[in-house]
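Here's a quick briefing to read with the model open beside you. Grab your viewer and follow along, topic by topic.

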Amino acid sequence: MKKIASLFLVVLTVFFSFGFYGCGEKDTATLYDISIKLSDKRIEGVMTIDFYNDTDNALGELKFNLHANAFRNGAKYSPISSQYLSKAYPNGINYGEMLINSVTSNGENLEYSVCGVDENILSVALANEVFPEERVSVTVCYTITLANVVARTGINEHTINLANFYPILCAIDENGFYECVYYSSGDPYYSECADYNVSITLDKDYTVASSGKFIKRENQGTLAKITYELKNARSFAFVVSDKFESITDNSTGIEIIYYFYEDENPLLAMQAAVKSIKLFEEKFGEYPYPTYSVVQTEFVQGGMEFPALVMISDSLEKEAYAEVVVHETAHQWWQTAVGNNEIESGFLDEGLAEYSVITFYEYYPEYNLTREQIIESSEKTYKTFCSVYDKLFGEVDTSMTRGLYEFKGEYEYVNIAYIKPCIMFDNLRKTIGDESFFKGLKKYYEEYKFKNAKPDDLVGIFEKMGKDTNGFFNSFFEGKDII
Ligand SMILES: [Zn+2]
């Protein structure tokens with residue numbers, strides 16, 4: 001019955017959208033319009049989402065991930081792995097939270113609840129079902145308190161990391177809205193691409209590093225309101241600081257800005273970013289955004305990717321710094337452009353980002369690392385992991401297609417989602433040859449850019465090229481390979 005009703009509405013919507021967007025132009029993007037005000041450790045936010053229903057079903061509710069609520073007192077899932085607790089909370093464990101103040105649609109209050117397995121979801125009941133190809137606008141007013149935590153969202157001595165500063169629509173797949181739990185290992189994200197218009201109001205002495213393209217700055221006494229936009233992004237992030245210096249490079253046609261506060265030779269990080277973008281554009285396809293911010297910040301792991309912005313940890317050893325820049329830059333192709341459910345199949349983007357690093361070293365001999373050396377040491381590391389796990393647990397699960405919640409910890413996750421895929425991709429490359437291998441990755445990028453891919457989609461690309469790789473991939477995915 002819903003199908004029939006929706007078919008009828010499709011005709012109406014197409015008719016009206018032609019009138020609205022101009023002949024032949026049908027805008028199917030979901031739009032986020034977000035304004036936040038940052039003062040001290042509080043964020044007051046207003047987010048309006050103009051949701052476009054590109055599913056085949058009528059929807060009576062919308063669900064949003066409240067990632068920032070993972071830092072609250074009493075959370076069931078710690079957002080920080082036990083091994084990083086003391087590093088992440090240098091001043092002792094403390095908490096933040098995300099509170100929803102109101103949810104409205106065109107001025108009318110909507111019913112909502114904060115739910116999910118760990119108060120991680122905002123569920124909003126729509127006044128009327130939104131049919132396929134129809135739009136609905138929902139406004140959420142909210143408050144975030146930032147914890148003093150060295151994480152993706154947190155306030156620290158030098159910087160304020162502002163990822164996940166708004167409710168983000170859950171990705172919708174064949175099972176409906178996918179609710180992300182903020183697991184401490186891996187990146188617990190899964191979202192669809194949308195267009196963003198975001199403004200941040202804060203003390204005018206702060207410098208803002210942003211996912212978006214700068215649009216305007218309005219000074220308001222001691223405050224500044226800065227507006228950005230970004231299209232085709234699966235999230236949006238800021239890092240702000242009153243200590244940032246910056247350098248800019250436009251040689252690739254993309255405005256690359258490196259923000260830092262403690263770097264004796266900032267050109268090294270910039271060169272790594274510029275060289276990565278040049279090589280990955282040649283090997284995989286065009287960089288997806290007009291700008292790119294590489295941001296030094298307080299961060300427990302090496303780095304973290306967001307659309308057009310990456311966080312690079314200030315506590316990295318000098319030798320590892322450029323490599324992390326390369327890895328996070330590769331994520332602009334593998335995760336931000338070609339997305340995937342990072343909770344269920346994190347190896348897809350992590351494996352490709354890490355193999356892109358190997359490709360980087362292969363093409364830039366000045367870094368003195370060869371592909372053969374890295375693969376050899378990856379195999380050694382992986383074999384050690386297998387024997388350690390075998391001794392500890394009597395067996396070792398080497399399957400790659402499993403969720404974050406099925407890993408025992410970071411050591412296992414790194415070996416299965418980063419190192420093993422590198423061995424897999426290098427084996428594939430040796431089997432089908434360099435030309436087919438990179439042609440396949442280019443096709444994968446072209447076909448799934450701004451969409452979400454599954455492991456079988458990657459396999460399908462090589463199969464469509466006439467390469468009999470199904471058995472090869474599946475033996476690795478299922479842990480039946482012999483390395
Ligand atoms: Zn990564």
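Helices (H or I, at least four residues) and strands (E, at least two) are DSSP runs here, numbered from the N terminus. Keep in mind that this is a predicted model, so to speak of local features we ask for pLDDT of at least 70, side-chain atom pairs count only at pLDDT 80 or more, and totals for chains, interfaces and linings use all residues. Residues are numbered from 1 along each chain as its sequence is written, and side-chain values use heavy atoms, with hydrogens and water left out.

**The open sheet**

- Eight strands make up an open sheet with mixed pairing, in the order 5-4-8-2-1-14-17-16; two strands pair if DSSP finds at least two bridges between them.
- The edges belong to strand 5 (108-109) and strand 16 (213-220); each has a single partner strand, so one side of each has no neighbour in the sheet.
- Strand 1 (residues 31-39) runs parallel to strand 14, with 7 bridges between them.
- Along that pairing, Ile34 has Val198 as its bridge partner in strand 14, and Ile36 has Ile200.
- Ile200 also has a bridge partner in strand 17, namely Ile226.
- Strand 14 and strand 17 (residues 223-233) are antiparallel, paired over 9 bridges.
- Strand 14 (residues 194-203) is mostly covered, with 8 of its 10 residues buried (buried means under 20% relative accessible area, exposed over 50%, partly exposed in between, using a 1.4 Å probe and protein chains only).

**Strand 1 and its hairpin**

- In a regular strand, side chains alternate between the two faces of the sheet.
- Strand 1 shows that alternation: Tyr32, Ile34, Ile36 and Leu38 point to one face and are buried, whereas Leu31, Asp33, Ser35, Lys37 and Ser39 point to the other and are not.
- Strand 1 and strand 2 (residues 42-52) pair in the antiparallel sense over 9 bridges.
- The two form a hairpin with 2 residues between them, and Asp40 in the turn has a positive phi of about 55°.
- Ser39 has Arg42 as its bridge partner in strand 2, while Asp33 stands opposite Thr48 in strand 2.

**The zinc site**

- Which residues hold the zinc ion as protein donors? They are His327 (NE2), His331 (NE2) and Glu350 (OE), at 2.0 to 2.1 Å from the ion.
- Donors are N, O and S atoms within 2.8 Å of the metal (3.2 Å for Na, K and Ca); water is not among the atoms, so sites may look incomplete.
- Along the chain, the donors of the zinc ion are spaced as H-x3-H-x18-E.
- The pair of His327 in helix 4 (residues 318-330) and Glu350 in helix 5 (residues 347-363) links distant parts of the chain, 23 residues apart.
- His327 counts as buried at 8% relative accessibility, and Glu350 does too at 3%.

**Helix 9 and what follows**

- In helix 9 (residues 455-464), the buried residues include Pro455, Leu458, Val459, Ile461 and Phe462.
- Seen down the axis of helix 9, its buried residues fall within an arc of 150°, so they line one face; the arc is that of the directions from the helix axis to the C-beta atoms.
- An α-helix has 3.6 residues a turn, so residues three or four places apart point the same way.
- On the other side of helix 9, Asp456 and Lys464 are exposed.
- The buried residues of helix 9 pack against helix 5, helix 7 (410-432), helix 8 (434-448) and helix 10 (470-478).
- Gly466, just after helix 9, takes a positive phi of about 85°.
- Thr469 lies in the loop between helix 9 and helix 10, and it counts as buried at 3% relative accessibility.
- Leaving aside neighbours within four places in sequence, Thr469 is in contact with Leu428, Ile432, Val459, Phe462 and Glu463 (contact means heavy atoms within 4.5 Å).

**Cysteines**

- How many disulfides does the structure hold? The count is 0, a disulfide being a pair of cysteine sulfur atoms within 2.5 Å.
- The sulfur of Cys170 is 6.3 Å from the closest cysteine sulfur, in Cys180, which is too far for a bond.
- Cys193 is in no disulfide either, as the nearest cysteine sulfur, that of Cys180, is 14 Å away.
- Cys170 is buried, at 0% relative accessible area, and Cys193 is buried at 16%.
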